Amino acid sequence: ANELFQKAAVTGNGKVKILREIIMALCQYGMAKEAQEYLGRFPAESQDSADYHAMNLLTGDGIVNPSMTLDLGRKIIANSVHDPIVYQILIKRASESGLNDYAETLLNEGTKRWPEMKAEFSTVYKPKQKEVKKEAPKAA
């Protein structure tokens with residue numbers, strides 16, 4: 001499969017949409033490190049695009065720890081770069097990290113931007129229950 005992707009990337013002369021699809025397919029099958037190789041094939045003029053930033057976050061998500069993914073994703077959104085993949089990843093990582101309010105905010109914002117993606121956003125939103133510490137019984 002990787003050989004076919006190599007040929008498609010060459011044939012596509014670095015076409016951003018083709019590279020995006022290749023990266024997404026590789027990441028879907030747990031091949032984030034291989035997918036990172038394709039980031040370098042993005043044309044220089046597109047390396048500040050939403051596609052590039054989204055794919056950078058997607059490939060890094062499978063490699064770095066969740067807090068680094070959250071930090072990078074927040075920076076991407078703060079720079080007014082919006083892509084459904086960014087929101088999906090951040091909703092998932094925020095809810096896994098117990099940042100339920102932030103995950104919910106992203107879920108609502110993402111659904112407003114891409115109503116057709118509501119099911120995908122909802123699927124990755126799994127709010128983590130806050131642990132309630134029980135007090136030790138008092139000695140009599």
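Here, a residue counts as exposed when over 50% of its relative accessible area is open, and as buried when that figure is under 20%. Keep those two cut-offs in mind while going through this predicted model.

Let's start with the whole chain. The protein has eight helices and zero strands, so reading along the sequence just gives you α-α-α-α-α-α-α-α. Of its 140 residues, 39% are buried. As for how the chain meets itself, take the contacts between residues at least 6 apart in sequence: 56% of them join residues at least 24 apart. On the outside, the accessible surface comes to about 8900 Å², and carbon and sulfur atoms account for 53% of that.

Now zoom in on helix 2, which runs over residues 16-28. Its 13 residues reach 18 Å from the first C-alpha to the last, close to the 18 Å expected at 1.5 Å a residue. Which residues of helix 2 are buried? They are Val-16, Leu-19, Arg-20, Ile-22, Ile-23, Leu-26 and Cys-27. Look down the axis of helix 2 and these buried residues fall within an arc of 165°, which means they line one face of the helix.

And what about the face turned away from the buried side of helix 2? That face carries Lys-17 and Gln-28, both exposed, so each of them has passed the 50% mark. Carry on just past the end of helix 2 and you come to Gly-30, which takes a positive phi of about 70°.

Definitions and conventions. Residues are numbered from 1 along each chain as its sequence is written. This is a predicted model: local features need pLDDT of at least 70, side-chain atom pairs count only at pLDDT 80 or more; totals for chains, interfaces and linings use all residues. Side-chain values use heavy atoms; hydrogens and water are left out. Helices (H or I, at least four residues) and strands (E, at least two) are DSSP runs, numbered from the N terminus. Buried means under 20% relative accessible area, exposed over 50%, partly exposed in between (1.4 Å probe, protein chains only). Contact means heavy atoms within 4.5 Å. Accessible areas come from the Shrake-Rupley method with a 1.4 Å probe; for residues, only the protein chains shown count as cover. The expected span of a helix is 1.5 Å times one less than its number of residues. The arc is that of the directions from the helix axis to the C-beta atoms.
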